[in-house]
Amino acid sequence: MTLGSIDVVLLEYPGAQIAALHGLEDLFRTAVRLATDGDGSGRQKLTVRRCIVPFSGSRIKETLAVHPAAVIVPPTLTARPEEFLTPELEIWLKGCRDAGTVLAGICAGSFLLAHAGVLDGRNVTVHWSQTERLSRLRPDVRVHSERLFVEDIDVVTTAGIMSWPDMALRLIERWLGTWIMHETARFMMLDPPRVSQRPYRRLPLSVTFDDPQVQKLVHWLRTSAGGFASVRDMAQMAGLEERTLLRRFRKATGLSPRDYRQHLAVERARALLETTALSVDQIAYEIGYQNPDAFRKLFIRLTGLTPAAHRRRCVNDVLVPSRM
């Protein structure tokens, strides 16, 4: 593969997001058009092909006789892409990996690559709700649940069904340069590629646990009374020794009691930022923080945004006056 000849294959499996398939084609072709010199002499040659899977036998020899510059597995909301992995496709993907092809998985599309064994030992991301499933499936894959985009040499992954524009823009930057990437984003009225999925991640609040004492404590923490409890207070409420509480709570929730309490506070703050006109200081007091600066630091650490920036993302400025 040379810069003047870029061959991209989109794996089209049953249930793949059609918008992603069409959108990826449009973004790549727009980038190539924008990269064309005025006289046409500098035109890049980029082909985007769809390969329908599952397939077997002579089909793979027909459509995938060579290793392309990139193989992209699109996202889905209705299927498990790994179910369409055939032995022939797995062998071909491993050949692509060995040949230096960029293997790109978008959201659930990464599970097909994981099942093929081409992500082992690599850094990847996936939608935050699927992090544990991918980690259980392939323990050798290093999953970064906070990142929206992860690039590990020739393995590129994004998180979220609507992260395909981020994927396309990142690959455009890799092949055609930063300037063309920004020109493509500007022409298509897209933001530059995002980095973190923390602003979108939510703690599942309506969760039940097998441990009745942890369940009792979590229910109490969701009330205003438990909003700013110390570990000692939480241990007393659960009727456990502090060390026992820490062990059992982490086993049940994956978080320490303190971290869980802080996540709950940020979830409450998000709801107030999105549905009220309260100032950030007022919201800090409302959820139990007497020091608004400490609240702001916590919010940034868990979401990647300031409270004010989160409000701007989620709420029409006309409806919620700025008082921050």
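Modeller: A residue is buried if its relative accessible area is under 20%, exposed if over 50%, and partly exposed in between (1.4 Å probe, protein chains only). This is a predicted model, in which local features need pLDDT of at least 70 and side-chain atom pairs count only at pLDDT 80 or more, while totals for chains, interfaces and linings use all residues. Residues are numbered from 1 along each chain as its sequence is written, and side-chain values use heavy atoms, with hydrogens and water left out.

Biologist: What share of the 324 residues of the chain counts as buried?

Modeller: The chain holds 14 helices and eight strands; these are DSSP runs numbered from the N terminus, helices being H or I of at least four residues and strands E of at least two. Of its 324 residues, the share that counts as buried is 48%.

Biologist: Which strands are the edge strands of the open sheet?

Modeller: Two strands pair if DSSP finds at least two bridges between them. The open sheet has six strands in mixed pairing, in the order S2-S1-S3-S4-S8-S7. Strands that pair on one side only are the edges, here S2 (45–52) and S7 (149–152).

Biologist: Which residue of S4 is the bridge partner of Val71?

Modeller: Strand S3 (residues 70–73) runs parallel to strand S4 (residues 102–106), and four bridges join them. In S4, Val71 has as its bridge partner Leu103.

Biologist: What angle does the direction of helix H6 make with that of S4?

Modeller: Axes are lines fitted to C-alpha atoms, for helices over the stretch in contact, and angles run from 0 to 180 degrees between N-to-C directions. H6 (residues 164–176) packs on the sheet and touches S1, S3, S4, S7 and S8 (155–158); contact means heavy atoms within 4.5 Å. With the direction of S4, that of H6 makes about 160°.

Biologist: How wide an arc do the buried residues of helix H9 cover?

Modeller: In H9 (residues 231–238), the buried residues are Met234, Ala235 and Ala238. They lie on the same side of H9 because the arc they cover around the axis is only 100°. That arc is taken over the directions from the helix axis to the C-beta atoms. On the other side, Arg232 and Gln236 are exposed, and the arc of the buried residues is 100°.

Biologist: Which helices do the buried residues of H9 pack against?

Modeller: Just after H9, Gly239 takes a positive phi of about 70°. The buried residues of H9 pack against H8 (212–221), H10 (242–253) and H11 (257–275).
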